[in-house]
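Biologist: Please take a close look at one helix pair in this model. Then tell me a little about the other chain as well.

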Amino acid sequence: MKNLIKVERARKNITQGDLADALQVSRQTINAIENAKFVPSTVLSFKMARYFGCKVDELFELEEED
Amino acid sequence: MEKYLTAMFDYRVKKQAIILSIIFFIVDKLTYINNDWYANSYSNHIFFNYLIVLGLLTAIGSKDKIDDERSRLIRYSILKNSIALFVVIFGITALFSGQFGIKSLSMITILYCLQGILVIHILSLFLANKYNPAWLFKETTSPKDYNNLMIGFFYGMYAISAFLIAMSFFIKK
């Protein structure tokens, strides 16, 4: 699954640590999600979308192999 | 799902449990070398090794400082690997007990096996949390692979057991 978290983070000018603090997860979790190693739960995806002020499907995108 | 992956103890307990295990390990080894009475008392030696196992079990049952869904998934994946590793190592130890310098299968052998697996488990948890290996998060590979691994292992053990039983009958005659 592709995601645009890095882009949204750059737009908001925040670090992985800032985002992790806001969502109450670890910085490594944000890093794993950004690098598409780890797919977050629905709850965390919605929290992220709410934080960036967008919809979940604007933040995450299914790839062909998914 | 998250409910079942939640650890038992607070994250502060982890460090304390590891430190206590190390202290017990050092005390056990020093006393075993320097004290004849202790070295001869097998139950003391077992008790200290039991305390080491208890400390390590407490450490693996503790939360991380930030215990989120990724760390729970890592904990679960590593636990799955450790259980498989324990079954394999314990099976091999049971098979070769009394040979190659391994003492016959006793309480202390079981405790040593457990200690080795628990130390590997704690190190794996630490490394997985730090480096996020992608294979840990892949959902599709594990169930089938583990089924095959365990079935293969048990069939192997059954075959070896059957061979040993058949040999014992043959030798008796």
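Modeller: Here is the helix pair, followed by a short view of the other chain. Keep in mind that this is a predicted model.

Start with chain A. Helix α2 of chain A covers residues 16-23, and helix α3 of chain A covers residues 27-34. Two packed helices are described by the angle between their axes and the distance between the axes. Here the axes come within 8 Å. They cross at roughly 110°. Angles from 65 to 115 degrees count as roughly perpendicular, so α2(A) is roughly perpendicular to α3(A). The crossing of α2(A) past α3(A) is right-handed.

Now the residues. From α2(A) come A:Q16, A:G17, A:L19, A:A20 and A:L23. They meet A:R27, A:I30, A:N31 and A:E34 of α3(A). Sort the residues of this contact by type, and you get four nonpolar, three polar and two charged.

Next, chain B. It has seven helices and zero strands. Its pattern along the sequence therefore reads α-α-α-α-α-α-α, with helices counted as DSSP runs of at least four residues. Chain B has 173 residues, and 31% of them are buried. Buried means under 20% relative accessible area. The accessible surface of chain B is about 11,500 Å². Carbon and sulfur atoms account for 71% of that surface.

Last, the contacts within chain B. Take those between residues at least 6 apart in sequence. Of these, 76% join residues at least 24 apart.

Terms used. Residues numbered from 1 in each chain as written. Chains lettered and ligands numbered in written order. Predicted model: local features only at pLDDT ≥ 70, side-chain atom pairs only at ≥ 80, totals over all residues. Heavy atoms only, no water. Helix = DSSP H or I, 4+ residues; strand = E, 2+ residues; numbered from the N terminus. Buried < 20%, exposed > 50% of the residue type's maximum accessible area, 1.4 Å probe, protein only. Contact = heavy atoms within 4.5 Å. Areas by Shrake-Rupley, 256 points an atom, 1.4 Å probe, with all protein chains shown as cover. Axes fitted to C-alpha atoms, helices over the stretch in contact; angles between N-to-C directions. Parallel < 35°, antiparallel > 145°, perpendicular 65-115°, else oblique. Left-handed = near helix turned anticlockwise from the far one by under 90°. Nonpolar A, V, L, I, M, F, W, Y, C, P; charged D, E, K, R; others polar.
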